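Colleague: I have just opened this one and would like a walk through it. Could you take me round slowly?
Modeller: Gladly; here it is, and you can ask as we go.

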Amino acid sequence: MSVVEERLAELGLTLPAVVPPLAAYQPAVQSGPYVFTAGQLPMVDGKLPVTGKVGAEVTPEEAKDLARTCALNALAAVKSVAGDLDRIARVVKVVGFVASATDFTGQPAVLNGASELLGQVLGDKGVHARSAVGVAVLPLDAPVEVEIQVELAD
């Protein structure tokens, strides 16, 4: 087990299986020393635990937990191409999309779920740039979607 996966275990988490693509794309691809993930939905055992808009059917707190799940799924996608999460030199960028009620403006707080998980698991290597974007709707009516870009060490 890698150091990163041991840290996940200490947090009571396990790395899930890679979420299969919903369309014509790969969950993650490597280009040079970088791995780019596709947008990861908060799938758990092949299903979305909740659907709807944040600020309407989904609370900001629920959405923050869902963003954490998205980040965990993104790490699984990274491992699928990198082979070992201990190869992560740093998380470079996180982009998060929040399906938002028209008056909801708390997207950054929702995406903290993903950012905080990456920091807990990777320490200083998890510090990253980030975008938090509110959108009208996401695939499968998911409340949150997260993609990450990581740099790998040799």
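Colleague: What is the order of the strands in the open sheet, and how are they paired?
Modeller: The open sheet has five strands in the order S1-S2-S5-S3-S4, and the pairing is mixed. Its edge strands are S1 (28-31) and S4, each of which pairs on one side only. Neighbouring strands are turned by 15° against each other on average, with direction ignored. Helices here (H or I, at least four residues) and strands (E, at least two) are DSSP runs numbered from the N terminus, and two strands count as paired if DSSP finds at least two bridges between them.

Colleague: Before I go on, what sort of model is this?
Modeller: This is a predicted model, in which local features need pLDDT of at least 70 and side-chain atom pairs count only at pLDDT 80 or more, while totals for chains, interfaces and linings use all residues. Residues are numbered from 1 along each chain as its sequence is written, and side-chain values use heavy atoms, with hydrogens and water left out.

Colleague: Back to the sheet, then. How many bridges join S3 to S5?
Modeller: Nine bridges join S3 to S5, and these strands run antiparallel. One of the pairs is Phe97 with its bridge partner Glu145 in S5. H2 packs on the sheet, where it touches S1, S2, S3 and S5, and its direction makes about 40° with that of S5. Such angles run from 0 to 180 degrees between N-to-C directions, using axes that are lines fitted to C-alpha atoms, for helices over the stretch in contact.

Colleague: And what does S2 pair with at the other end of the order?
Modeller: S1 and S2 pair in the antiparallel sense over four bridges, with Ser31 standing opposite Tyr34 in S2 and Ala28 having Thr37 as its bridge partner. The hairpin of S1 and S2 has two residues between the strands, and Gly32 takes a positive phi near 60° there. S2 also pairs with S5, again in the antiparallel sense, over three bridges, and there Tyr34 stands opposite Glu151.

Colleague: Which residues of S2 are on its covered face?
Modeller: Val35 and Thr37 form the covered face of S2, whereas Tyr34 and Phe36 are on the uncovered one.

Colleague: Changing topic, does the length of H3 make sense, or what would you expect it to span?
Modeller: H3 (residues 107-122) has 16 residues and should span 22 Å at 1.5 Å a residue, and its end C-alpha atoms are 23 Å apart, which agrees. The expected span is 1.5 Å times one less than the number of residues. H3 does have a kink of about 30°, centred on Gly113, where the bend is the angle between axes fitted to the seven residues ending at a residue and the seven starting there.

Colleague: What does H3 pack against?
Modeller: The buried residues of H3 pack against H1 (3-10), H2 (60-82), S3 (88-99), S4 (129-135) and S5 (144-152), with contact meaning heavy atoms within 4.5 Å. H3 lies across S3, S4 and S5 and runs at about 145° to S4. Among its buried residues are Val110, Leu111, Leu117 and Leu118, where buried means under 20% relative accessible area, exposed over 50%, and partly exposed in between (1.4 Å probe, protein chains only).

Colleague: Is Ser115 buried or exposed?
Modeller: Ser115 is buried, with a relative accessible area of 16%. Leaving out residues up to four places away in sequence, Ser115 touches His128 and Arg130.

Colleague: And H1, which of its residues are buried?
Modeller: In H1, the buried residues are Val4, Glu5 and Leu8. They cover an arc of only 95° around the axis, which puts them on the same side of H1; the arc is that of the directions from the helix axis to the C-beta atoms. Val3 and Glu10 are exposed on the other side of H1, and what covers the buried residues includes H2 and H3.

Colleague: Last thing, where in the loops is there a positive phi in a residue other than glycine?
Modeller: Asp45 has a phi near 55° and is found in the loop between S2 (34-37) and H2. Asp45 counts as exposed, at 77% relative accessibility. Leu140 also has a positive phi, of about 60°, and lies in the loop between S4 and S5. Most residues other than glycine have a negative phi.
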